[in-house]
Amino acid sequence: MGFPDGITVHIKREDLIHPFVSGNKFRKLKYNLLQAKEERQETLLTFGGAFSNHIAALAFAGKEKGFKTIGIIRGNELRDKILENPTLQFAKNCGMQFEFVSRENYRLKNEIAFLEDLKQKYGDFYLIPEGGTNELAIKGCEEILTEEDAEFDYIGCSVGTGGTICGIINSILPHQKILGFPALKGDFLKEEIRNMVNNNNWDLVTDYHFGGYGKVNIELIAFINQFYAENNIPLDPIYTGKMVFGVIDLIQKNYFSPQSKILLIHTGGIQGIQGMNISLRNKKLPIIDING
């Protein structure tokens, strides 16, 4: 894509790595699945919300690699709505077993007592955190950038739990700067990221969350639809769509110096569009149209 002042923008299509375990989920799971095999674990257990990309990816990867999978799902009300939820239906079809918990109990997911209760119920398992972020996930995300990406001055990346951006930060060259676009409100991730990376060539841009995690508006939907019409690249509304919107807006606000070469990381998440459109239709809002 061409812009004024000789600025160029390219997109790295990580969403095309795998049809069901796409983008950063493929990277995050790579070494975790190898570790689970090495530990001779038979079951993978993780956490996620109603339309979690991580839940869908783990369910398919577990099936493909011969693991049982258990998803601890946020929201008791979803128990009777699996057939109305494309993400959960997909995960169930891949063999994932669900346990639905209240939002209050879900907040205890990192507590030792909560995890011990799960082990009493399900036996031994290999635990993968919500969103997939741990040291092995960061190791996988360090492989996103390659030698061919050395020409770029800026790398743009959406931010959820922080694992993907940490891997990218750890693998950049001295002349490059990472810009992270959090999908959640607030600046609280900065300290967590700082503790997991080996350089300071990065910053978080917190102005493009569109109201917080899972929140969208008509402006963002229109942008995603127009972007697809012009470039034939689908963007998910939770992560990458907000990041691409933010970078283009920053270009228009002269944030970048002339001749800057910008690389945007498409982290996948396209499976979530179907569920988002169900919500948009219920609210009588325009839908995300990536079917041409």
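Start by selecting Asn 254, in the loop that runs between helix H10 (240–252) and strand S9 (261–266). What you have open is a predicted model, so keep that in mind as you click around. Asn 254 isn't a glycine, yet its phi is positive, at about 60°. Is this residue buried or exposed? It counts as exposed, because its relative accessibility is 59% and the cut-off for exposed is over 50%.

Now jump to Arg 40, which has a similar story to tell. Arg 40 sits in the loop between H1 and S2. Its phi is positive too, about 60°, and again the residue is not a glycine. With a relative accessible area of 76%, Arg 40 is exposed.

From Arg 40, step back along the chain to the helix it follows, H1. Select residues 23–38 to light up H1. Try a distance check between the C-alpha atoms at its two ends: they are 24 Å apart. The 16 residues of H1, at 1.5 Å a residue, should span 22 Å, so the two values agree. Where does H1 bend? Zoom in on Leu 29: the helix bends there by about 30°.

Next, colour the buried residues of H1. Among them are Gly 23, Asn 24, Lys 25, Leu 29, Tyr 31, Leu 33 and Ala 36. Which elements do the buried residues of H1 pack against? Show strand S2 (43–48), H2, strand S5 (126–127), helix H6 (135–141) and helix H7 (163–171), and you have the answer.

Stay with H1 and turn on a surface to look for the second largest pocket. Its volume is about 220 Å³. To outline the pocket, select His 18, Val 21, Phe 26, Leu 29, Lys 30, Leu 33, Leu 34, Lys 37, Ala 61, Glu 64, Lys 65 and Phe 67. You'll recognise Leu 29, where H1 bends, as part of this lining. H1 gives the largest share of the lining, six residues. Helix H2 (53–65) also takes part, and each of the two helices supplies at least two lining residues. Colour the lining by class and you'll get seven nonpolar, one polar and four charged residues.

Time to leave the pocket and visit Asp 149. Look for it in the loop between H6 and strand S6 (154–159). Asp 149 counts as buried because its relative accessibility is 7%, and the limit for buried is under 20%. What does Asp 149 touch, leaving aside residues up to four places away in sequence? Show Lys 12, Ile 144, Gln 176 and Leu 263 and you'll see its contacts.

Then hop over to Arg 194, in helix H8 (residues 189–194). This one is partly exposed, with a relative accessible area of 40%. Draw a line from its C-alpha to that of Cys 166: the two atoms are 8.5 Å apart, while the residues are separated by 28 places along the chain.

Your last stop is Asn 110. Find it in the loop between helix H4 (103–106) and helix H5 (112–122). At 64% relative accessibility, Asn 110 counts as exposed. For a final distance, pick the C-alpha atoms of Asn 110 and Glu 130: these residues are 20 apart in sequence, and the atoms are 9.6 Å apart in space.

Terms used: Residues are numbered from 1 along each chain as its sequence is written. This is a predicted model: local features need pLDDT of at least 70, side-chain atom pairs count only at pLDDT 80 or more; totals for chains, interfaces and linings use all residues. Side-chain values use heavy atoms; hydrogens and water are left out. On a 1 Å grid over the protein atoms alone, a cavity is a set of points where a 1.4 Å probe fits but cannot get out, and a pocket is an open set with protein on both sides within 12 Å along at least five of seven lines; lining residues have an atom within 4 Å of a point. Grid points are joined across faces, edges and corners, and a volume is the space filled by probe spheres set on the points. Helices (H or I, at least four residues) and strands (E, at least two) are DSSP runs, numbered from the N terminus. Ala, Val, Leu, Ile, Met, Phe, Trp, Tyr, Cys and Pro count as nonpolar, Asp, Glu, Lys and Arg as charged, and the others, Gly among them, as polar. The expected span of a helix is 1.5 Å times one less than its number of residues. The bend at a residue is the angle between axes fitted to the seven residues ending there and the seven starting there. Buried means under 20% relative accessible area, exposed over 50%, partly exposed in between (1.4 Å probe, protein chains only). Contact means heavy atoms within 4.5 Å.
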